[in-house]
Amino acid sequence: MELFMTMILAAPNFNPIVQPILDVINAVLWPAIAIVGSVGTIYCIFLGIKIAKSDEQNSREKAKKDLLGAIIGFALIFILIVALRISMPILQDWVRSQI
């Protein structure tokens, strides 16, 4: 019974599980920033060309709304990825303190 209680109360070592996950997240963040930035730029340029080429007022307004939505969406995604990149060391320290 004493051995069972010792096993339950002993802190498990999650480092072999957590460390590969943290390494993958760190490895993916910089390429994700580059991909979001490049895709966002290309898509916004495409929508800008669509605005410039549109002849009708309705299609121009729709393209403007699409461009505004794309800019807001890509900016939000970019900010969240950068925030995750900045907060990763803090999260890693917290996880290591919990282990």
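## Contacts along the chain

In this predicted model, residues 24 or more positions apart account for 70% of the contacts that have a separation of 6 or more. The chain that makes these contacts contains 3 helices and 0 strands, and its pattern, read along the sequence, is α-α-α.

Of the 99 residues in the chain, 16% are buried. The accessible surface of the chain comes to about 7600 Å², and carbon and sulfur atoms hold 74% of that area.

## Confidence in the prediction

The chain has a mean pLDDT of 81, with 85% of its residues at 70 or more. Confidence is lowest in helix α1, which covers residues 2-9 and has a mean of 55, whereas α3 has the highest value, at 86. Where pLDDT is low, the predicted coordinates should not be read in detail.

## Leu22 and Gln92, between α2 and α3

Leu22 is found in helix α2, and Gln92 has its place in helix α3. The two residues are 70 positions apart along the chain, yet their C-alpha atoms are separated by 7.5 Å. When neighbours within four places in sequence are left aside, Leu22 is in contact with Met88 and Gln92, while Gln92, under the same exclusion, is in contact with Leu22 and Asn26. A further distance from Leu22 concerns Pro89, which lies 67 residues away along the chain and has its C-alpha atom 9.8 Å from that of Leu22.

Leu22 counts as buried because its relative accessibility of 9% falls under the 20% limit. Gln92, with a relative accessible area of 12%, is likewise buried.

## The aromatic cluster

A search of the whole structure finds 2 aromatic pairs. In one of them, the rings of Tyr43 and Phe74 have their centres 6.3 Å apart and their planes at 65 degrees, so the pair is edge-to-face, given that planes over 60 degrees apart are placed in that class. This pair links distant parts of the chain, since Tyr43 belongs to helix α2 (residues 15-53) and Phe74 to helix α3 (residues 57-98), with their positions 31 residues apart.

Ring pairs join Tyr43, Phe46 and Phe74 into a cluster. Two members of this cluster can also be described by their accessibility: Tyr43 counts as partly exposed at 36% relative accessibility, and Phe74 counts as partly exposed at 23%.

## The nonpolar surface patch

Ile17, Ile21, Ile25, Leu84 and Leu91 make a nonpolar surface patch of about 400 Å². The elements that give two or more residues to this patch are α2 and α3, and α2 gives the most, with 3 residues.

Leu84, one of the residues in the patch, is found in helix α3. With a relative accessible area of 34%, Leu84 is partly exposed, and it is eligible for a patch because that area is over the 30% limit that patch residues must pass.

## A salt bridge within α3

How many salt bridges does a search of the whole structure find? The search finds 1 salt bridge, in which the side chains of Lys62 and Asp66 meet at 3.2 Å, taken from N to O. Side chains of opposite charge can pair when their charged atoms come close. Lys62 and Asp66 are separated by about one helical turn, because they are 4 residues apart in helix α3.

The acidic partner, Asp66, has a relative accessible area of 27% and is therefore partly exposed, since this value lies between the limits of 20% for buried and 50% for exposed residues.

## The loop between α2 and α3

Is Ser54, placed in the loop between α2 and α3, buried or exposed? Ser54 is buried, because its relative accessible area is 11%, under the 20% limit. Not counting residues up to four places away in sequence, Ser54 touches Ser59 and Arg60.

Terms used
Residues are numbered from 1 along each chain as its sequence is written. This is a predicted model: local features need pLDDT of at least 70, side-chain atom pairs count only at pLDDT 80 or more; totals for chains, interfaces and linings use all residues. Side-chain values use heavy atoms; hydrogens and water are left out. Rings of Phe, Tyr and Trp (its six-membered ring) pair if their centres lie within 6.5 Å; planes under 30 degrees apart count as stacked, over 60 as edge-to-face and the rest as tilted. Buried means under 20% relative accessible area, exposed over 50%, partly exposed in between (1.4 Å probe, protein chains only). Contact means heavy atoms within 4.5 Å. pLDDT is the predictor's confidence in each residue, from 0 to 100. Patches are made of residues with over 30% relative accessible area and no salt bridge: like charges are joined within 9 Å, nonpolar side chains (Val, Leu, Ile, Met, Phe, Trp, Tyr) within 5 Å. Accessible areas come from the Shrake-Rupley method with a 1.4 Å probe; for residues, only the protein chains shown count as cover. A salt bridge is a side-chain nitrogen of Lys or Arg within 4 Å of a carboxyl oxygen of Asp or Glu.
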